[in-house]
Each structure stands twice: as C-alpha cells, then as structure tokens.
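Grab a coffee and work through a few short exercises on the chain and ligand shown below. Try each task on the structure first, then read the solution.

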Amino acid sequence: MKTLHLQLRFLIPLLLTLLVAALVAVPVLDSLTLRWFARDINNRGMLVANTLADAINEAQLDGKTWRVQGLFERAVADERLVAIALCSPGNEMLRRTDGFPATLDCAQARALAERADPRLVVEGGAVHVGVHALGTPGPGVDSLVLLHDLSFIDRRSLDTRRYLIIFIVVLGFTMALITMVVAQISWRGWVNGVRGILRGEGLVRPLLAPPPELQPFASEVRARLRDLEDEYRRSLDLVSVWNPERLRSLLLTQLRGDQVIVVSNREPYLHERTEDGRVIVRRPASGLVTAVEPVMRACSGTWIAHGSGSADRDAVDANDRLPVPPGTKEYTLRRVWLTEEEERGYYNGFANEGLWPLCHVAHVRPVFRESDWEMYRHVNERFADAVAAEARSDDPVVLVQDYHFALLPAMIRERLPRATILTFWHIPWPNPESFSICPWRREILEGLLGSTILGFHTRFHCKNFIETVDRGLEARIEHEHSTIVYRDKETLVESYPISIDWPEDTTGWVPVATCRQRLLQRLALPADTCLAVGVDRFDYTKGILERLHAVERLLEKRPEWIGRFVFVQVAAPTRSALEEYRAFQQRIHGVADRINQRFGRPGYEPVRLLAEHHDAEALHELYRAANICVVTSLHDGMNLVSKEFVAARDDEQGVLVLSRFAGAARELSEALIVNPYHVEETADALHRAATMPTAEQRERMASLRMTVRENNVFRWAGRMLADAGRFRLRERVAARVQRHTLSDTAEDEAPVHS
Ligand code: ADQ
C-alpha cells in the first residue's frame, strides 16, 4: 500500500505534466506546420509565375490570348494548385480557370495575399491565396493569382498531431514504468535499511545493508537511539528507590504485563517427608533462590524448576504445578522431574563437576565426561519443552538462571523465536584460556548467544565472556554497546549486580542485644566473646579452609584472643553426592578439630562448625549477634551472605571481612577487603575487625547499608527487565515495519480482478 502511495505521488504530477505538454504542443505545432507550408506554397507560386510569365507575354504579344487558357488548364492539373487567374495592372481579371471562385476579384485577392494568414474558405475547403507578379509583364498583364489547396496541409498537420500524441503517450508510459520500478526498488531499500537500523545490524551485512544514501542517516538514527537508550538507562540508575511496587509497575509499563517465566535448576520451595511421615516445606540454601524469589512474587509468573524434594510429587496438580509461597500463593511453581541418571549426568556431572570448577578456577580440576554432556544437553531440551508448554503467548519473557542451562537459551529460541530471553550467569566467567579447556566450549557459547540479554554480576565477567566469544566464534562484537551479533542475532552482554530484598520494615525484629544473648547462651559462651561468623553452602569455592587457617594464625600470632575469640561456621550441606565435596567437607571437619585441639580448653572451642541447614530466622539471629562476618570466597559471582549481614545490622555495628575475589567486593568497598590466599593478611584483618572502634564500625556499616539498600534485588531485576522492555519495543517496531512491507508486497502482487 505504501509503495502504491509513493508511486502515485510520482505518477500523478508526471501524467499532468505530460497532458499540459500535449495541450500546448499541438496548437504550436499546427501554426508551425502552417507557416512552413505557407512559405513552401509561396516559393512554388513564384516558380509557377516565373515559368508561365514568358509564355503569357508571348501570347499577349502575338494576340493569341486563348493559348493562356490552355497553359492555365495544364498548370492546374497539379493536384495542389486549385485555380489560377490573370490580373491586369488595373486589377481587372483577364482570365481564370474554371475552379476560380466567381466571388473573388483581383483586388480582394491582393488584399488577402498580404495578410498573415492568406487563407480563404471556398466550396471544396480552404485554399491559400497567393498573388505573384509576372517577371517581365507583357502588355496589359500584371500578375497571377494562384489558389493552392490547403486540405493536404490539414491532412499533414492531423498526421503530425496524431504522431505527436502517440509519442507523448508512449513517453508517458515509459516514464511512469521507470518511475514505478525505481520507486519500488528504493522503497524496498529504505524499508530494509530502516529495518536493519532498528535491528542494529544493517551496517555490516552487505545484503541487508541500507542503500548508500541511507548510510549517514542510518548511523545517525542508530547513534540517537543508543543515546536515548543510554540516557534512559542512566535515568533508571538514578532512581534511588527500587521496591516490589516499582518493579510491578515497570512490568506493566515496559513489558505490558507480558508473561514472565523463570527457569532454574533449584526450586524455591521443596516438599520433604520427615521420618515421622509429615510433609514439611523448606527453602533451599541458594543465592539464586534468595534473589529471584522476591522478583517472582512481584510479577506473579511461572517458575520452572527441578522437583527435587522427597514429597514434591504429592504437592503438585495433574500438570505438575502448584501455587507458591505456601501461604500467600503469589506465583506458580512448575516442577520438572528428572530420573536419577539424568540428575547424575546433568547436575552432578556436567554442571557441578565440569562447569562449576571451570568457571571458579578454584584449583579443583574440572571433569568432562561425554555421557554427562549428552545428559546435560538432553535435560536442557526437556526444560526447553517445559518452557514452550508453559508459554501462553509466542513472545514471553523468559529468565534463564545459571550454569545448569547454558544450552537452554538457543533451544528456547528455536521453539519460541519471538521470546525475550534473559539469561543470568550467577557464577564467574573465566578468562578465555581457562574456558578453552572445555571440550564443548563452542556449543556452550552458541547456546548462551540464543539469549536476548546475557547478564553477569560484574563488568569483569562480561569482559571475560566477550573475549571468549571473540576467540571462539565468528561473531561481531560492538564493545561500545557491549553487544555480540552472532548469526544475525544480537545479544546484549551486561553487568547486573545481584542483591537481596532489602528489609524496609524492621518493626518485628528482635533487638541485637537479645539475639546476641540468646546465641551466646545456646553456644554456652561468655558475654564478652568476640564472635565471628561464616555462613556458606559447604563448598570448596567459599574459602572455608583458608578462613580456618586465618583463625588459627590469629590465635598463634595474638594469643590474647585465645578464650575470647570464637569463630562459628554455618555450612549447609551441598552436592554431597560428589566425592570432591565429601572429601572437602571431611577435610574441614579435620582442620576445625585440629584448631580446637590446639587452642581449645575445657569450656572453650575457638571453632564451632555447624554443618547444617539453618532457616532464615536462625541466620538472621546469627548475623545480628556477630561482631564480625567473614566471607573469604576464593572466587564468587557476587556473594549474598555479605549483603545479608549488612542488611541485618540496623544497629550499624559489626564488621564485614570480605574477599576481593567475590563480586560483592566491587560494591562493598567499606568492608575490610582481603586476599583469602594470604593467611597472614586475613588473620590481621580479623584482629583489626575485632578491635575496631564502634565509631568506625558505624561509619563503615552506615555506608555499606546505604549501598545495599539502594542496589537491592529489585534494581537488579528492574534494570534487566527494563533492558528487555527496550529490546521488545525495538523488535515490535521492526516487526511492524516488516508487516507493512509484507502487506504492501502482497497487495502489489495480488491479481487484479475486474
Ligand atoms: P551461592 O553460591 O549459593 O550462590 P551466595 O550468594 O552466598 O552463594 O548465597 C548463598 C545463600 O544461601 C544465601 O542466601 C545464604 O543465606 C544461604 N545459605 C548459606 N548457608 C546457609 C545455611 N547453612 N543454611 C541456610 N541458608 C544458607 C550463587 C553464586 C553467588 C551469587 C548467588 C546469587 O555462587 O556468587 O551471589 O548465586 O547470584
């Protein structure tokens, strides 16, 4: 339709111009033709007069004037000469041929011949009147009046007019045709160009590149779009309050209330059957669950996860769904069942023995088995099927969580090409050399690049990923905008530091003094104990061993702490099916025992190892009771324990000792930052923390609290979803452009029915 309009805009003025040209050209041509022929007739007339002059003079001299009549009759045999008359000097008509009009005398003929248009209409049609003097006139004769037929001029002029009109019509059609073809080609070029710009791709792909005249326009439009987007993102960063309401309104405005689906391995709620046959609901110890759960509550979507609780099957409906959280039912949990074999290969094997150590570079060798890889791929397919089954539209927003699903984004893209896929990688991304030891590195990168947005906690991890792609795939990388275009699909690689749901309402909180009193009582510790705590999954990447070594070194270096310093390590059992983890956990128990033997005495154990899962309230009490929280991860995507500790300390007391290798160290710079591999440094930091004046603690803690409060989990999700909203808007505009083009093409190509 648009091309038709465009063509009409060209065609109508063109046809009007041609019509005007025809209207002007025809009369001009007529008068020109007449003038050419009049000159021609005059010349002929003079020739005839000169030719006849001698014969007429002779006849006059000889007195044989009748011969003149014969001469005249022969002359008018010429089809163009209609009649001749001979005039005397006194305008008397001496002779004339039969066809000469009786009403026309010599004087009238002379007057007519002198006019610009010497035309006379007689019985047979229009004639040209010419009066020609005889060269050397004989006695009594002066001139000849010649009447030439003009009908042949009309005939010629009619022919010329006809040819001219045919010429103008043919010219018009040819020009119209050329205009239509050119308009069609340029419109397509423009449309493709604009579509390319909107997709941000046209400038490099020669086939879809905008036409040359669009190149400067394309760069300008793209630059402006990016500027606007950057400005918008900066304005989002300036929004200081991010809470569930804000996130909900963002979902409604930016994502127009579209369906949100989360996929993770770990489920937010497990149903467990206890030994006495009861079913209890448990929240797993997982940073991912801690972060994503409040987001899901805000947007009421569907969370697809592996149903791993012993009573999970009893809690779901016929479609393996159940509303959660158990009391308030704010969103849907869809459980996917895995066989033992699937779990062994995909979860324990490829994810936890392969990718986890590969990405953490924590001196545990990754193990890559072909069978694990096959199972990993198979389980990713199964989750992709589940996403497709749960999708209520062809373009849901899918949040893919973590390293268990590196292949899932591309698999979802195959099933739902229009979905907006946000993948968040909760663990670090190693440098390209470390990653290159993975036998299936290419497949993993390709899988992840199925995402619309790929998020990491830090810029550093983004940079590592981009460099890995740069080395491993033929992709176009735009460093300025942090995007990767692979097989015509663009992925934004961006940092979104994850966080916690900041507790705004603290009215029900037990006072710090009470928490401390209760805990010390429970652990049978004196009131003046300096209490340091560590809270982790029992994982070798968390630096629990290095932490114990630092405690040991502190007691060695500063014996005054013996009897007064206690370190409580809460370690939730994790991945115990893996030999590496079992060995690590045993080793920690051994080291803790050794330290206790070395520095302990009756009623005093410097290390308390509580290797069990704690509920949220117990952890909260622990954080509030502690003087120091120790986070010494050897490598950690973010680490939420550090943020939970800060959030729990509304008394602005307590010191955070934080590993520089945790993503959180980039935000929480007022913590005491340590290198956990450096035992001496960590031991000194523990001493410094234990002796830090309350004023300094307050200053540091107040600043840390401000940072975590502002950068809470709703900002994490909000920034990511706002970026998704921008992409969806861009896709929608591009789709609209495409739809218009297609409908145009269809209209243009539709057969015309009369
Ligand atoms: P995790 O490796 O699980 O997360 P982390 O961020 O510290 O690490 O989160 C652990 C969570 O489990 C915390 O919410 C904590 O309270 C809880 N937890 C720890 N020990 C517990 C126990 N004994 N009992 C009960 N709960 C316990 C991964 C990455 C991190 C990243 C998160 C989120 O490894 O780097 O911060 O995802 O992206």
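**Warm-up: the chain as a whole**

The chain has 22 helices and 23 strands. Keep in mind that this is a predicted model.

**Exercise 1.** Work out what share of the 754 residues counts as buried, and what share of the contacts with a separation of 6 or more comes from residues 24 or more positions apart.

*Solution.*
- Step 1: start with burial. Of the 754 residues, 51% count as buried.
- Step 2: turn to the contacts. Residues 24 or more positions apart make up 71% of those with a separation of 6 or more.
- Step 3: add the surface. The chain's accessible surface is about 34900 Å², and carbon and sulfur atoms own 55% of it.

**Exercise 2.** Find the disulfide, say which parts of the chain it ties together, and decide whether its cysteines are buried or exposed.

*Solution.*
- Step 1: look for cysteine sulfur atoms within 2.5 Å of each other. That gives 1 disulfide.
- Step 2: name the partners. Cysteine 87 is joined to cysteine 106, with an S to S distance of 1.9 Å.
- Step 3: place them. Cysteine 87 sits in strand β1 (residues 81–87) and cysteine 106 in helix α3 (residues 106–113), so the bond ties together parts 19 residues apart in sequence.
- Step 4: check the handedness. At -85° about the S-S bond, the link between cysteine 87 and cysteine 106 is left-handed.
- Step 5: check burial, where the cut-off is under 20% relative accessible area. Cysteine 87 and cysteine 106 are both buried.

**Exercise 3.** Apply that burial cut-off to cysteine 299 and cysteine 629.

*Solution.*
- Step 1: cysteine 299 has a relative accessible area of 14%, so it is buried.
- Step 2: cysteine 629 comes in at 0%, so this cysteine is buried too.

**Exercise 4.** Describe the ligand's surroundings: how many residues surround it, and which are the closest?

*Solution.*
- Step 1: count the shell. The ligand is surrounded by 28 residues, the closest being Thr290, His426, Arg537, Asp636 and Glu644.
- Step 2: sort the shell by class. You get 13 nonpolar, 9 polar and 6 charged residues.
- Step 3: pick out polar contacts to ligand oxygen atoms. Arginine 537 brings a polar side-chain atom to 2.8 Å, methionine 638 has a backbone N or O atom at 2.9 Å, and serine 286 has a polar backbone atom at 3.3 Å.
- Step 4: see how covered the ligand is. Alone it exposes 710 Å², and the protein buries 95% of that.
- Step 5: map the shell onto elements. Those giving two or more residues are α7 (287–299), β18 (530–537), β19 (565–572), α18 (616–625) and α19 (641–648).

Methods: Residues numbered from 1 in each chain as written. Predicted model: local features only at pLDDT ≥ 70, side-chain atom pairs only at ≥ 80, totals over all residues. Heavy atoms only, no water. Helix = DSSP H or I, 4+ residues; strand = E, 2+ residues; numbered from the N terminus. Buried < 20%, exposed > 50% of the residue type's maximum accessible area, 1.4 Å probe, protein only. Contact = heavy atoms within 4.5 Å. Areas by Shrake-Rupley, 256 points an atom, 1.4 Å probe, with all protein chains shown as cover. Near = heavy atom within 4 Å. Polar contact = N/O pair within 3.5 Å; in protein donor to acceptor, adjacent residues only side chain to side chain. Nonpolar A, V, L, I, M, F, W, Y, C, P; charged D, E, K, R; others polar.
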